[in-house]
Amino acid sequence: MPRSMRNLSDKSIVILAIAIIFFTNGGSPVLTKIALREISPEYYSFLRFIIASLFLLPFFLKGKIKFNKDLLVLVLVSLILTLNILAFAYGIKLTTTVISSLLYVLGPVLVAIFSYFLLKERIAQAKVLGIILGILGSALVILLPVIQYGNPSAGSLLGNFLILIGVFSTALYTTLSKKLHVKFSPIQVTTIFSLTTCFVMLSLSFREVIENPGLVFNLSGITLFAVFYVGAVCTALYYLLLQYVIKHANPLAASTNLFLNPVSTFAWASFLLAESITLLLILGGFFVLLGTFFIIKSAKTNEIDIEP
């Protein structure tokens with residue numbers, strides 16, 4: 001870690017990490033949607049995680065890791081988040097980036113539920129209210145294609161459900177990741193996830209890679225930029241910062257970045273995709289945001305403060 005960073009407290013670094021995530025990660029669904037106009041979700045995800053792994057490996061190789069049962073557990077938990085990558089890539093192709101970012105706001109609500117069952121954390125009344133509001137809001141957003149049939153701003157029902165699968169897997173991974181830091185550092189957790197996803201996506205896109213090995217050299221400039229930016233910034237940097245927040249705060253605090261993400265995503269989408277929003281989308285998003293607000297606000301001090 002740079003010397004200037006060492007002078008900052010853990011709390012300051014966590015706040016800085018969340019701020020960086022806010023300003024940079026909003027472009028991920030927008031650029032992914034652009035790239036998927038040219039290549040398949042599997043091949044795009046493979047290229048994305050090749051780039052991410054290349055950025056992470058030099059830092060990963062500086063440390064030592066034991067090939068034992070704990071590493072196997074880490075790989076298995078990483079597969080949960082790999083499901084999110086695949087569901088997201090297929091879902092974003094069918095729905096809008098704004099809907100995607102709003103559904104991911106449901107993350108803290110699901111983390112609160114998973115933490116109750118897996119980490120034995122108490123659910124206060126305000127959290128219950130937050131969970132109810134979050135579920136109602138997300139149901140409205142998901143069902144928009146049925147309510148507003150034919151409106152392109154409503155996305156598609158299949159696409160919205162695929163995104164929801166990604167949200168569930170992300171929330172479960174975020175909850176379980178807290179326990180991984182007893183044995184592994186943030187860079188180890190992030191790199192193992194990246195390598196695991198890379199191998200999974202290679203196996204899924206193997207035929208495409210073999211049949212068209214020069215495909216990557218024929219991609220447009222915007223697609224190459226999308227793959228590089230999402231791989232380096234929205235994957236390597238994002239997940240590394242996320243793991244740092246999880247280690248020095250808690251899963252719920254790490255999920256609060258999703259609360260801010262729709263603002264950043266809408267800015268990117270308005271500029272690059274000219275996406276619009278509807279009144280019902282705003283209403284559903286409001287309930288999701290309000291539910292998430294109650295979840296975060298009701299967390300006990302020791303649940304949201306930074307660890308010593």
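This report describes the pocket, the cavities and the aromatic pairs of a predicted model.

## The largest pocket

The largest pocket holds about 390 Å³ of space, and its lining is made up of 14 residues. Of these lining residues, Phe55, Leu56, Phe59, Ile187 and Leu240 lie nearest the centre of the pocket.

Three helices, namely α4 (41–60), α11 (186–204) and α13 (221–248), each contribute at least two residues to this lining. When the lining residues of the largest pocket are sorted by class, 10 are nonpolar, three are polar and one is charged.

## Enclosed cavities

Apart from the pocket, the model contains two cavities of 30 Å³ or more, and the largest cavity has a volume of about 250 Å³. The lining of this largest cavity consists of 20 residues, with Asn25, Ser28, Tyr104, Tyr238 and Tyr239 lying nearest its centre.

Several helices take part in enclosing the largest cavity: α3 (27–35), α5 (69–94), α6 (97–104), α10 (157–180), α13 and α15 each supply at least two residues of its lining. By class, the lining of the largest cavity divides into 11 nonpolar residues, eight polar residues and one charged residue. Helix α13 thus has a part in both linings, since it supplies at least two residues to that of the largest pocket and at least two to that of the largest cavity.

## Aromatic pairs

Across the whole structure, a search finds 11 aromatic pairs. One of them is formed by Tyr229 and Trp268, whose rings are tilted, with 5.6 Å from centre to centre and 45° between the planes. Because Tyr229 lies in helix α13 and Trp268 in helix α15 (residues 257–272), this pair ties together parts that are 39 residues apart in sequence. Tyr229 has a relative accessible area of 14% and therefore counts as buried, being under the cut-off of 20%, whereas Trp268, at 21% relative accessibility, counts as partly exposed.

A further aromatic pair, between Tyr238 and Tyr239, is edge-to-face, with 4.8 Å from centre to centre and 75° between the planes. Both of these tyrosines, Tyr238 and Tyr239, are buried, and both are among the residues that lie nearest the centre of the largest cavity. Tyr238 and Tyr239 also belong to a cluster in which ring pairs link them with Phe49, Tyr173 and Phe193.

Definitions and conventions. Residues are numbered from 1 along each chain as its sequence is written. This is a predicted model: local features need pLDDT of at least 70, side-chain atom pairs count only at pLDDT 80 or more; totals for chains, interfaces and linings use all residues. Side-chain values use heavy atoms; hydrogens and water are left out. On a 1 Å grid over the protein atoms alone, a cavity is a set of points where a 1.4 Å probe fits but cannot get out, and a pocket is an open set with protein on both sides within 12 Å along at least five of seven lines; lining residues have an atom within 4 Å of a point. Grid points are joined across faces, edges and corners, and a volume is the space filled by probe spheres set on the points. Helices (H or I, at least four residues) and strands (E, at least two) are DSSP runs, numbered from the N terminus. Ala, Val, Leu, Ile, Met, Phe, Trp, Tyr, Cys and Pro count as nonpolar, Asp, Glu, Lys and Arg as charged, and the others, Gly among them, as polar. Rings of Phe, Tyr and Trp (its six-membered ring) pair if their centres lie within 6.5 Å; planes under 30 degrees apart count as stacked, over 60 as edge-to-face and the rest as tilted. Buried means under 20% relative accessible area, exposed over 50%, partly exposed in between (1.4 Å probe, protein chains only).
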